[in-house]
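Open the model in your viewer and keep the selection panel at hand. The stops below go from the whole chain to single residues.

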Amino acid sequence: MITRDECRACDADDPLASLRQEFLLGEDEIYLDGNSLGPVSRGAQRCLDDVVEVQWARGLVRSWNNAGWMDAPLRLGDRIARLIGAHEGEVLVADTLTFLLAKLIGGALELRPDRHVIITDAVNFHSDLYIVAAMARTAGREILVKTIDRDDLDDHLDEDVALVMLTHVDFRTGEMLDMSRITGRVHEAGALMLWDLAHSAGAVPLDMTDSGVDFAAGCGYKYLNGGPGAPAFMYVAPRWHGVLRNPLPGWLGHARPFEFEPEYDSAPGMRAYVTSSPSILALSALDGALDVWDRVTMSQVRAKSLALTDLFISLVEESMPGIFEVVTPREHQRRGSQVALRHRDGYGIIQALIERGVIGDFRAPDICRFGFTPLYLRFVDVYDAVSILSEVIATSAHLDERFAQRLSVT
Ligand SMILES: *Cc1c(COP(=O)(O)O)cnc(C)c1O
């Protein structure tokens, strides 16, 4: 079994090691939940201070013009474009993910007026399932949402399918799907492809352009570290600019918002998908959080992510054989940046770990979920987390009756 000293040696060789200093993390905790809520960075803190004390306090309403507030949704979109393999002008930061999915689903349905089926994954994130059902109900024509086993997608692709919506990395299991292959198959069937990148952006290399993706959207508060409830981002392939309509239009997506015209005339490019006033405080935290990403490539991030998840899986299996089912795929090309361990007492295990300073989360019914974020996690953190997990299992600390009652956020 790999030793703690060998993990320290890996940290000494790690080209990303210095980035940890950019985050405000307690030395007595190991944070394995950056896939749910990324931590605060010095960059985010700096930008928030500036926006409050200078731009808002002194600039007041003038800052809409003078501090670049109006352009922030597109400027931040350009910063995220680099991380997802898109070009400038193809990504917008706005709203939160479920709202952006609504916009993309509603717009996409109008592009395939002769087709009446949306396909999604039966085990997709619940918010995605709720919003796709609601957009289908309000589409103005009969739309059938088919929730399928994603492995059978090919069997369901026919001339009735308007849109396929899938989440690229499964939020429970951490399985990553083959974006290029699936997008290609969907296009062969004449349908449009919408990818949810909630657990992909900042976690795995992506290439919207090469993969031929039509539409995508993802979170700002997970691997991008934009803060609790941070705005989300959406991608629209340039071939759909000026074609895909925003089904939730608002004044700031108008070509001339300050003419106050009664008729809607969409702005060009990604600005068309803006609805309301951007949340400048939230955008500035995300802006600062993105600074650290300018210092890494996604291939560096991916290499370390795979090394961390490989290490975690092998330490768990060697030190606790037979205790957990490793649900996350072993093959690198099918793995996101998290590891899911199945255990019937998963909730108690996560709570016992949190009491010992190892922060993961639990996803019903039986998944212990651990996110691995290469910007601030060390190899030695993985080693220590598994040692603490072993101690919990060995002492049955997770069976304590205090863990019988679940908290509202698990
Ligand atoms: C986290 C997550 C969401 C959350 O969306 P919000 O509307 O931003 O709260 C949606 N879909 C998936 C797959 C997620 O993982």
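Helices (H or I, at least four residues) and strands (E, at least two) are DSSP runs, numbered from the N terminus. Residues are numbered from 1 along each chain as its sequence is written. This is a predicted model in which local features need pLDDT of at least 70 and side-chain atom pairs count only at pLDDT 80 or more, while totals for chains, interfaces and linings use all residues; side-chain values use heavy atoms, with hydrogens and water left out.

**Whole chain**

Start with everything selected. The chain has 13 helices and 13 strands. Its radius of gyration is 22 Å, close to the 22 Å that the globule rule gives for 410 residues, so the chain is as compact as a globular protein of that length. The radius is taken over C-alpha atoms, and the rule is 2.2 Å times the number of residues to the power 0.38. Along its principal axes the C-alpha trace spans about 70 × 60 × 40 Å.

Colour by accessibility next. Of the 410 residues in the chain, 55% are buried. Buried means under 20% relative accessible area, exposed means over 50%, and partly exposed lies in between (1.4 Å probe, protein chains only). The accessible surface of the chain comes to about 17700 Å², and carbon and sulfur atoms hold 52% of that. These areas come from the Shrake-Rupley method with a 1.4 Å probe; for residues, only the protein chains shown count as cover.

Among contacts in the chain with a separation of 6 or more, 73% are between residues 24 or more positions apart. Contact means heavy atoms within 4.5 Å.

**Strand 5 and its partners**

Select residues 161-167, which form strand 5. Is this strand enclosed or open to the outside? Seven of its seven residues are buried, so strand 5 is largely enclosed by the rest of the structure.

Add residues 117-121, which are strand 3; four bridges join it to strand 5, and the two run parallel. Two strands pair if DSSP finds at least two bridges between them. Ile-118 stands opposite Leu-163 in strand 5. Then add residues 192-196, strand 6, which pairs with strand 5 in the parallel sense over five bridges. Here Val-164 stands opposite Met-193 in strand 6.

**Strand 2 and strand 8**

Move to residues 91-94, strand 2, and show side chains: Val-91 and Val-93 point one way, Leu-92 and Ala-94 the other way, and all are buried. Four bridges join strand 2 to strand 8, and the two run antiparallel. Use Leu-92 to find the register, as this residue stands opposite Met-234 in strand 8.

**The four-stranded sheet**

Now select strands 9, 10, 12 and 13. They form an open sheet with the order 9-10-13-12 and antiparallel pairing. Strand 9 (325-326) and strand 12 (361-363) are the edge strands, each pairing on one side only. Strand 9 meets strand 10 (residues 338-342) in the antiparallel sense over two bridges, and Val-326 stands opposite Leu-341 in strand 10.

Stay here for the loop between strand 12 and strand 13 (367-371), where Pro-365 lies. A cis peptide bond joins Ala-364 and Pro-365, with omega about 5°.

**Leu-353**

Select Leu-353, in helix 12 (residues 346-355). Leu-353 is buried, with a relative accessible area of 1%. Which residues does Leu-353 contact, leaving aside its neighbours within four places in sequence? They are Val-358, Phe-370, Ile-388, Leu-389 and Val-392. For a distance across the chain, pick Leu-353 and Ile-143: they are 210 residues apart in sequence and 45 Å apart in space, C-alpha to C-alpha.

**Backbone exceptions and a loop glycine**

Most residues other than glycine have a negative phi, and most peptide bonds are trans. Phe-260 is not a glycine, yet has a positive phi of about 55°. Look for Phe-260 in the loop between strand 8 (232-236) and helix 10 (280-290); it is exposed, with a relative accessible area of 60%. Ser-396, also not a glycine, has a positive phi of about 55°. Ser-396 lies in the segment after helix 13 (379-395) and is partly exposed, at 34% relative accessible area.

Finish at Gly-26, in the loop between helix 1 (4-12) and strand 1 (30-31). Gly-26 is partly exposed, with a relative accessible area of 36%. Gly-26 and Leu-37 are 11 residues apart in sequence and 15 Å apart in space, C-alpha to C-alpha.
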